[in-house]
Amino acid sequence: RFLRRQQVLQLYRNILRAIRHVPAEADRRYLKDWAREEFRRNKDFHVVLQDAIRMMITQGNMQLQELQRTLKLAKS
């Protein structure tokens, strides 16, 4: 459980760091609120199945990668 918690916290921090690079303030605020709500919603869901937690972490990492790719394209 400890390692999963660390993975979730690291993912959350990485998402917030990526959001800082979004140029428009309104978009940054929207994405930050969205990320916060997604993590809060899943925390309140009290997911206890390790497979479900692993799947959510994988989905979160894929969304983070997509955000990073989009930001990289926007800078080009």
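**Three helices, one aromatic pair and a small set of charges**

Arg28 has a relative accessible area of 22%, and its side chain is therefore classed as partly exposed. This residue is a convenient place to enter the structure, which is a predicted model, and its surroundings lead to the charged side chains of helix H2. Arg28 forms a salt bridge with Glu25, in which the closest N and O atoms lie 2.4 Å apart. The two residues are three positions apart in helix H2, which means that about one helical turn separates Arg28 from Glu25. Glu25 is itself partly exposed, with a relative accessible area of 43%.

Glu25 also has a second partner, since Arg29 forms a salt bridge with Glu25 at a closest N to O distance of 3.5 Å. Here the spacing is four residues in helix H2, so that Arg29 and Glu25 are again separated by about one helical turn. With a relative accessibility of 47%, Arg29 counts as partly exposed, because a value between 20% and 50% falls in that class.

A further salt bridge is found in another helix, where the side chains of Glu66 and Arg69 meet with a distance of 2.9 Å from N to O. Both of these residues belong to helix H3, which covers residues 50-75, and they stand three residues apart, about one turn of the helix. Glu66 has a relative accessible area of 41% and is partly exposed, and Arg69, with 47%, is partly exposed as well. Returning to helix H2, salt bridges that share partners join Glu25, Arg28 and Arg29 into one network. A search of the whole structure finds six salt bridges, among them the pairs Arg28 with Glu25, Arg29 with Glu25 and Glu66 with Arg69.

The aromatic side chains give another view of how the helices are connected. Taking a ring-centre distance within 6.5 Å as the criterion for a pair, the count comes to one aromatic pair. The rings of Tyr12 and Phe39 have centres 4.8 Å apart and planes at 65°, and because an angle over 60 degrees is the condition for the edge-to-face class, the pair is edge-to-face. Tyr12 lies in helix H1, which runs over residues 2-19, whereas Phe39 lies in helix H2, residues 25-44, so the pair ties together parts that are 27 residues apart in sequence. With a relative accessibility of 21%, Tyr12 counts as partly exposed, and Phe39, at 22%, is likewise partly exposed. Since buried means under 20%, neither Tyr12 nor Phe39 is classed as buried.

These local features can now be set against the chain as a whole. The chain contains three helices and zero strands, and from the N terminus on its elements run α-α-α. Along its principal axes, the C-alpha trace spans about 40 × 20 × 15 Å. Of the contacts in the chain with a separation of 6 or more, 67% are accounted for by residues that are 24 or more positions apart.

The surface and the charges complete the description. Buried residues make up 18% of the 76 residues in the chain, and the chain exposes about 6200 Å², of which carbon and sulfur atoms supply 56%. The chain carries 17 positive and 8 negative charges, and the mean positions of these two groups are 8 Å apart.

Terms used
Residues numbered from 1 in each chain as written. Predicted model: local features only at pLDDT ≥ 70, side-chain atom pairs only at ≥ 80, totals over all residues. Heavy atoms only, no water. Phe/Tyr/Trp six-rings, centres within 6.5 Å; stacked < 30°, edge-to-face > 60°. Buried < 20%, exposed > 50% of the residue type's maximum accessible area, 1.4 Å probe, protein only. Salt bridge = Lys/Arg side-chain N within 4 Å of Asp/Glu carboxyl O. Contact = heavy atoms within 4.5 Å. Areas by Shrake-Rupley, 256 points an atom, 1.4 Å probe, with all protein chains shown as cover. Lys, Arg positive; Asp, Glu negative; His and termini not counted. Charge placed at Lys NZ, Arg CZ, Asp CG, Glu CD.
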